[in-house]
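Colleague: I should like a close look at how two packed helices meet in this model. Please treat the contact in a connected account.

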Amino acid sequence: EEAGARTAEFTWRPSPTRIAAALATVATAVLLAWAIWQPEAADRATNDALALADDHKYDAAVAKTKDAADINPLTPDPLLVRASIDTEANRLGDAQHSLQQAVISFPSDPQTWYRLAAFQLGTLDDPENAIRTVRGALYLDPHSKPASDLFLNARARLREKTGQSNPQVNG
């Protein structure tokens with residue numbers, strides 16, 4: 001009888017410290033799952049934008065890139081995709097704005113500088129600005145073969161346009 005009475009009296013109650021630790025663990029797991037899901041959701045929205053652009057639905061595609069940027073504002077990809085969509089739609093001013101915004105928002109990413117410089121040279125035929133811009137990519141990644149090649153191509157194009165053998169670029 002005494003053993004039964006002792007068992008009936010005992011009820012297990014977790015300490016407040018254990019409850020707090022369990023809640024912190026669950027909250028951390030939820031935050032980690034969200035942190036993993038966000039970039040994937042943004043990638044899906046970006047891929048949807050590209051599919052819409054393939055169908056020549058440019059306004060809907062641009063809207064999808066804005067959704068992607070809202071979902072994951074920590075990547076330049078939506079801005080870069082938006083620029084390529086606007087270029088395809090022959091909205092060059094909008095494309096240039098998106099690329100400039102990518103450089104402003106992600107100045108430590110050499111890819112943003114490179115993509116703007118490539119646009120300036122290849123689409124706008126503006127080698128002088130392309131040279132200035134690609135210098136940012138080369139500063140951030142001095143061993144970048146694509147950026148080095150773009151710099152040399154921009155210099156060659158500037159020589160063609162100006163007729164000078166060694167044109168100077170200010171800035």
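Modeller: The account below concerns the pairing of helix 4 with helix 5 and then turns to helix 7. The model is predicted, local features need pLDDT of at least 70, side-chain atom pairs count only at pLDDT 80 or more, and totals for chains, interfaces and linings use all residues. Residues are numbered from 1 along each chain as its sequence is written, and side-chain values use heavy atoms, with hydrogens and water left out.

Helices are DSSP runs (H or I, at least four residues), numbered from the N terminus. The axes of helix 4 (residues 77-88) and helix 5 (residues 92-105) cross at roughly 165 degrees and come within 8 Å; these axes are lines fitted to C-alpha atoms over the stretch in contact, with angles from 0 to 180 degrees between N-to-C directions. Helix 4 and helix 5 are therefore roughly antiparallel, a term for angles over 145 degrees. From helix 4, Leu-79, Leu-80, Arg-82, Ala-83, Asp-86 and Thr-87 meet Leu-92, Asp-94, Ala-95, Ser-98, Leu-99, Gln-101 and Ala-102 of helix 5, contact being heavy atoms within 4.5 Å. The residues of this contact divide into seven nonpolar, three polar and three charged.

Helix 7 (residues 127-140) has 14 residues. Its buried residues (under 20% relative accessible area, 1.4 Å probe, protein chains only) include Pro-127, Ala-130, Ile-131 and Val-134. The buried residues of helix 7 pack against helix 6 (110-122) and helix 8 (145-162).

How values were computed:
Helix = DSSP H or I, 4+ residues; strand = E, 2+ residues; numbered from the N terminus. Parallel < 35°, antiparallel > 145°, perpendicular 65-115°, else oblique. Nonpolar A, V, L, I, M, F, W, Y, C, P; charged D, E, K, R; others polar. Expected span 1.5 Å × (residues − 1). Buried < 20%, exposed > 50% of the residue type's maximum accessible area, 1.4 Å probe, protein only.
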